[in-house]
Amino acid sequence: MPVAASAIYFLNLRGDVLINRLYRDDVGGNMVDAFRMHIMQTKELGTCPVRQIGGCSFFYMRISNVYIVIVVSSNANVACAFKFVVEAVALFKSYFGGAFDEDAIRNNFVLIYELLDEIMDFGYPQNLAPEILKLYITQEGVRSPFSSKPADKPVPNATLQVTGAVGWRREGLVYKKNEVFLDIVESVNLLMSSKGSVLRCDVTGKVLMKCFLSGMPDLKLGLNDKIGLEKESQLKSRPMKSGKTIELDDVTFHHCVNLTRFNSEKTVSFVPPDGEFELMKYRITEGVNLPFRVLPTIKELGRTRMEVNVKVKSVFGAKMFALGVVIKVPVPKQTAKTSFQVTSGRAKYNASIDCLVWKIRKFPGQTEPTMSAEVELISTMTEKRSWTRPPIQMEFQVPMFTASGLRVRFLKVWEKSGYNTVEWVRYITKAGSYEIRC
């Protein structure tokens with residue numbers, strides 16, 4: 001269900017109304033008084049951003065020294081309301097040179113009223129894209145003297161965007177070199193037991209694109225997902241080629257993707273926005289290729305000594321390497337002295353986080369560096385308590401490797417002028433929550 005906002009108010013920290021806009025007649029004009037009396041004056045602004053007073057609900061958010069309050073009288077979508085506020089503030093900032101505060105509102109109230117009429121109709125959100133609205137609302141805002149952001153020049157010919165045919169891209173784009181950059185960025189989330197069994201493992205990924213293409217190109221992206229390959233083989237009446245396929249879970253797309261075509265053909269086809277954007281997000285829960293295996297051994301020798309041995313094996317190919325590898329091994333709070341022996345990288349004791357921190361700047365594939373440490377503990381007179389060992393944590397980044405096995409089979413660019421395009425594809429795997437119990 002959409003927002004269906006009855007009114008929107010912009011208040012300063014004292015509760016004075018800077019600007020307000022009534023979209024429906026189902027609430028009274030004094031609703032802001034109820035907000036001031038029951039929420040602002042009772043010092044409950046920080047407890048919950050959604051409050052009900054009488055038969056109305058108040059959704060509010062503080063941006064700089066301004067409170068934006070949306071009043072609804074029906075069962076509205078709260079997440080949609082807050083998303084509207086965030087995108088509206090980004091729109092105002094683009095007109096005001098990056099500033100949004102009480103002074104910017106007072107200096108631009110005429111422009112804000114005009115924008116409020118465009119971005120919401122009868123309480124329902126409309127197009128909030130700055131690059132589109134600037135094509136037909138060409139009035140420039142009063143910019144802050146401290147703003148260093150250059151003013152965006154409006155581009156003529158907004159007919160296509162106003163009709164909503166392709167609201168995320170304008171016509172007339174021309175580049176000397178037509179390029180497409182595609183990044184597949186994945187985060188590995190792992191929880192492994194002390195015996196080496198996987199307790200929880202999944203991969204969250206996103207496909208990021210940066211397009212510098214002329215005209216109105218139509219792109220088609222092919223991945224090695226199982227459903228897409230099976231559908232393609234059915235449409236072409238040929239057996240599916242052998243090779244590793246993956247099953248994508250929880251896939252979400254950018255609004256530029258043609259969902260009708262995806263549902264029927266399982267192909268990702270789209271007219272891309274200009275510049276950088278997130279094409280899709282996904283999750284993988286089966287068949288995850290872990291980039292590292294950690295084999296820890298921790299021995300407590302009496303009450304004053306510990307021996308820590310950690311072996312880390314890189315599972316990816318020998319021609320690849322990981323960057324910025326950090327292994328954090330927890331130790332007791334009463335640690336007094338440590339000594340290390342490492343076959344690669346550097347290790348030290350960080351007292352602020354009670355961990356042995358082992359850093360390897362460049363970690364080649366198919367290698368097994370080790371760290372051995374002797375830890376001396378402070379002896380206490382109190383009765384010894386069993387030390388609850390927190391899990392070992394890892395941080396890393398592996399270029400040209402995907403833990404899910406996702407691969408780009410093709411990236412086709414079609415445009416009526418038939419220009420040549422250069423495509424660049426990059427894979428990056430990072431550590432999300434990579435923990436090993438010891």
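The legends below describe several close-up views of a predicted model.

**Figure 1. Overview of the predicted chain and its secondary structure.** The chain contains eight helices and 23 strands, and 42% of its 438 residues count as buried. Among the contacts in the chain with a separation of 6 or more, 70% are made by residues 24 or more positions apart. A search of the whole structure for disulfides finds zero, and among the cysteines, Cys-56 is buried with a relative accessible area of 10%, while Cys-355 is likewise buried, with a relative accessible area of 10%.

**Figure 2. The largest nonpolar core, with Phe-270 among the residues that have the most contacts inside it.** This core has 65 residues, and those with the most contacts inside it are Met-209, Phe-270, Leu-279, Phe-292 and Val-308. Strand 8, which covers residues 179-192, gives the most to this core, contributing six residues. At least three residues of this core come from each of domain 2 (179-287 + 405-433) and domain 3 (292-379 + 388-399). When residues up to four places away in sequence are not counted, Phe-270 touches Met-209, Pro-217, Asp-218, Leu-219, Leu-221, Cys-256, Val-257, Phe-277 and Leu-279. A second, separate core has 35 residues, including Leu-18, Tyr-95, Ile-119 and Met-120.

**Figure 3. The open sheet of three strands.** The strands of this sheet follow the order 12-10-22 and pair in the antiparallel sense. Strand 12 (268-270) and strand 22 (408-414) are the edge strands, each of them pairing on one side only. On average, and with direction ignored, neighbouring strands of this sheet are turned by 10° against each other. Six bridges connect strand 10, residues 218-223, with strand 22 in an antiparallel arrangement, and within strand 22 the residue that stands opposite Gly-222 is Phe-410.

**Figure 4. Surroundings of Thr-421, in the loop between strand 22 and strand 23.** Strand 23, on one side of this loop, spans residues 422-436. Thr-421 has a relative accessible area of 18% and therefore counts as buried, since the limit for a buried residue is under 20%. Leaving out residues up to four places away in sequence, Thr-421 touches Asn-178, Val-180, Leu-213 and Val-413.

**Figure 5. The open sheet of five strands and the helix that packs on it.** Here the strand order is 2-1-5-4-3, and the pairing is antiparallel. The edges are formed by strand 2 (17-22) and strand 3 (50-53), each of which pairs on one side only. Neighbouring strands are turned by 20° against each other on average, direction ignored. Strand 4 (residues 56-63) and strand 5 (residues 66-72) run antiparallel and are joined by seven bridges, and the bridge partner of Tyr-60 is Val-69 in strand 5. Helix 4 (residues 109-119) packs on this sheet, where it touches strand 1 (7-12) and strand 2, and the direction of helix 4 makes about 25° with that of strand 2.

**Figure 6. Ala-88 in helix 2 and its contacts.** Helix 2 comprises residues 78-96, with Ala-88 among them. Ala-88 is buried, having a relative accessible area of 5%. Apart from its neighbours within four places in sequence, Ala-88 is in contact with Ile-119 and Leu-128. Although Ala-88 and Pro-130 are 42 residues apart along the chain, their C-alpha atoms are separated by 9.2 Å.

Conventions. Residues numbered from 1 in each chain as written. Predicted model: local features only at pLDDT ≥ 70, side-chain atom pairs only at ≥ 80, totals over all residues. Heavy atoms only, no water. Core = buried A, V, L, I, M, F, W, Y, C linked by side-chain atoms within 4.5 Å. Buried < 20%, exposed > 50% of the residue type's maximum accessible area, 1.4 Å probe, protein only. Helix = DSSP H or I, 4+ residues; strand = E, 2+ residues; numbered from the N terminus. Domains from an automatic or database assignment. Contact = heavy atoms within 4.5 Å. Pairing = 2+ DSSP bridges. Axes fitted to C-alpha atoms, helices over the stretch in contact; angles between N-to-C directions. Disulfide = S-S within 2.5 Å.
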